[in-house]
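Visitor: I should like to take a close look at a single part of this model. Please describe the surroundings of one aromatic residue and follow the ring contacts outward from there.

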Amino acid sequence: MTNTELITKFYDSFAKGNIESMIECYHDDIVFEDPAFGTLKGETAKNMWRMLLSRREATTEITYSDVQETADGGTAQWIASYIYGPKKRKVVNHVSAQLTISEGKIITHTDTFDMWKWTQQALGASGYLLGWSSFMQNKIQQKLSGLLKKYVDKQ
């Protein structure tokens, strides 16, 4: 499988909500990083996707484009549109992904996006006022880490 085919399989599976097909694309030693979760490794990174997709609602939409192959992996652009939190705020998150592939599997996956823009959409006024700060970003990472731990403990 080429790097482009592997990355396409990952995002096709993501868009369809097929978590196990997505996880098959990850190396056992995967290192995932993004502004919301920070750095996650191995099974923890896989469980993050399991948790997120287990919460997926019918209105959630994942699209991707511009898959580019590089010698050691590739890049992609993807958009997640979903309803967030108890106030049911609409979030449209534009993400750039950088992936490294080893032994036919994704071994590093780094997603970048505008965290301040995300907090404005997801949290409203408090996100607008504080979403740019490291304080708010650390609070978000702590909250998500706690949710992920609870999810894993239930499994």
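**Phe10 and the rings around it**

Guide: Phe10 has a relative accessibility of 1% and therefore counts as buried, a term for residues under 20% relative accessible area, as opposed to exposed, over 50%, and partly exposed, in between (1.4 Å probe, protein chains only). The model is a predicted one, in which local features need pLDDT of at least 70 and side-chain atom pairs count only at pLDDT 80 or more, while totals for chains, interfaces and linings use all residues. Residues are numbered from 1 along each chain as its sequence is written, and side-chain values use heavy atoms, with hydrogens and water left out.

Aromatic pairs are taken up next. Rings of Phe, Tyr and Trp (its six-membered ring) pair if their centres lie within 6.5 Å; planes under 30 degrees apart count as stacked, over 60 as edge-to-face and the rest as tilted. The count by this rule is 11 aromatic pairs. Phe10 and Tyr26 form a stacked pair, with 5.3 Å centre to centre and 25° between the planes. This pair links distant parts of the chain, 16 residues apart: Phe10 belongs to helix α1 (residues 3–16) and Tyr26 to strand β1 (residues 26–34). Helices (H or I, at least four residues) and strands (E, at least two) are DSSP runs, numbered from the N terminus. Tyr26 is buried as well, at a relative accessible area of 2%.

The rings of Phe14 and Trp78 have centres 5.0 Å apart and planes at 70°, so this pair is edge-to-face. Here too distant parts of the chain are linked, with Phe14 in helix α1 and Trp78 in strand β4 (residues 73–84), 64 residues apart. Phe14 is buried at 5% relative accessibility, and Trp78 is buried with a relative accessible area of 8%. Ring pairs join Phe10, Tyr11, Phe14, Tyr26, Phe32, Trp49, Tyr64 and Trp78 into a cluster.

Trp78 also leads to an acidic residue. The side chains of Trp78 and Asp111 are joined by a polar contact of 3.5 Å; such a contact is a pair of N or O atoms within 3.5 Å, where, within protein, one must be able to donate a hydrogen and the other to accept it, and residues adjacent in sequence count only if both atoms are side-chain atoms. Asp111 makes a second side-chain polar contact, with His109, at 2.8 Å. Asp111 lies in strand β6 (residues 105–112) and is buried, with a relative accessible area of 2%. Leaving aside neighbours within four places in sequence, Asp111 is in contact (heavy atoms within 4.5 Å) with residues including Tyr11, Phe32, Trp49 and Trp78.
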